[in-house]
2 protein chains.
Amino acid sequence: MEKLYITYNQIHETVKSLSQEIISADFKPDLIIAIGTGGFIPARMIKTYLNRSIQTVGIAYYDLNNIPSEKPVITQWLDGADEKLKGKKILLVDEVDDSRATIGFCLEELQKHDPEEIAVMVIHNKKKKKAREIPPQIRHYFIGENFDDQWICYPWDAENIAEHDSLSLQAGLE
Amino acid sequence: MEKLYITYNQIHETVKSLSQEIISADFKPDLIIAIGTGGFIPARMIKTYLNRSIQTVGIAYYDLNNIPSEKPVITQWLDGADEKLKGKKILLVDEVDDSRATIGFCLEELQKHDPEEIAVMVIHNKKKKKAREIPPQIRHYFIGENFDDQWICYPWDAENIAEHDSLSLQAGLE
């Protein structure tokens, strides 16, 4: 599978465009929720443009004893979730919509706390069969870029960031 | 006050060096704790090198109604903190040790849950008078770079990331 190397600055620029789209759509979140750990960096970037505070949730495919799990497992949840979410407009942030299992699970869990509205923002969406539908009550789904089902290499996973950037640049020149 | 512009890649390189220091010091964390929101990006970067999961805590100088506060306020805490922290070795991550009020407060709160050991990692330390001492039970305090009391501009706060990087480059050429 072809690998696609994305730099920090490319993600920052994509987040900036997303912020303009969110503002144009007149969606005004009370709160940003980052899905950890992939959503941490995009969420911190979008905070600069939207000026809202961030809460995080941790979703993983292993449990607290590091045993792999096929289903998503909550590794951290909001303390006082009812108080923080009820009647609020939430911007849920993750880096990628791949199979959508994580985002779908997270939406289901957040909706139990009766928010006014949840919008989703992802940097990248993979055009592929999804494990879940986006529920009809989600009116806003902000996608930075759509890709085919490629292997996306995020900068925060790079052991050698200079090499990562040079692989990204080479691909851009092809 | 002189402004110092730091790029994402510079921070990534600093985190890589810090990971080598942590490994050399034989400190093996069970868990990374990111202090939000400044610690989110450094914590996600160090995860790549240390391969440990991340929990987050939110500390701010405003309350949940956005009223400014002089003292640090907890905006998010660990759900099930006793279970997650008791007997564990924690790596607490933030971007900067400025007055040390946030880190000092956070250490005090975390220690209530009886971890085996907490080590602190910051990307930058400002050489200035601190509001708190690092408690004597903290044996490891990993600092990426020490600066004078300058205004550090982090890339995630940049509205224009290309301009930010060019200001960083210019400073490097002086």
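In this predicted model, the axes of helix H1 (residues 8–24) and helix H2 (residues 40–50) of chain A come within 9 Å and cross at roughly 50°. Angles from 35 to 65 degrees fall into the oblique class, so H1(A) is oblique to H2(A). The crossing by which H1(A) passes H2(A) is right-handed. On the H1(A) side, the contact is formed by A:Tyr8, A:Ile11, A:His12, A:Val15, A:Lys16, A:Ser19, A:Ile22 and A:Ile23. Facing them in H2(A) are A:Ile41, A:Pro42, A:Met45, A:Ile46, A:Tyr49 and A:Leu50. By class, the residues of this contact comprise 11 nonpolar, 2 polar and 1 charged.

Turning to helix H4 (residues 101–111) of chain A, most of the helix is covered, with 9 of its 11 residues buried. The buried set begins with A:Ala101, A:Thr102, A:Ile103, A:Gly104, A:Phe105, A:Cys106 and A:Leu107, and also includes A:Glu109 and A:Leu110. Where does the cover for the buried residues of H4(A) come from? Among the contributors in chain A are the strands E2 (31–36), E3 (54–62), E4 (68–76), E5 (89–97) and E6 (117–126). Helix H3 (81–85) of chain A also helps to cover these buried residues.

At the level of whole chains, a turn of 180° with a shift of 0.0 Å along the axis lays chain B on chain A, giving an RMSD of 0.0 Å. The two copies are therefore related as by a two-fold rotation axis. Both copies use the same surface, as 100% of the contact residues of chain B recur in chain A.

Notes. Residues numbered from 1 in each chain as written. Chains lettered and ligands numbered in written order. Predicted model: local features only at pLDDT ≥ 70, side-chain atom pairs only at ≥ 80, totals over all residues. Heavy atoms only, no water. Buried < 20%, exposed > 50% of the residue type's maximum accessible area, 1.4 Å probe, protein only. Helix = DSSP H or I, 4+ residues; strand = E, 2+ residues; numbered from the N terminus. Contact = heavy atoms within 4.5 Å. Axes fitted to C-alpha atoms, helices over the stretch in contact; angles between N-to-C directions. Parallel < 35°, antiparallel > 145°, perpendicular 65-115°, else oblique. Left-handed = near helix turned anticlockwise from the far one by under 90°. Nonpolar A, V, L, I, M, F, W, Y, C, P; charged D, E, K, R; others polar. Least-squares fit on C-alpha atoms with pLDDT ≥ 70 in both.
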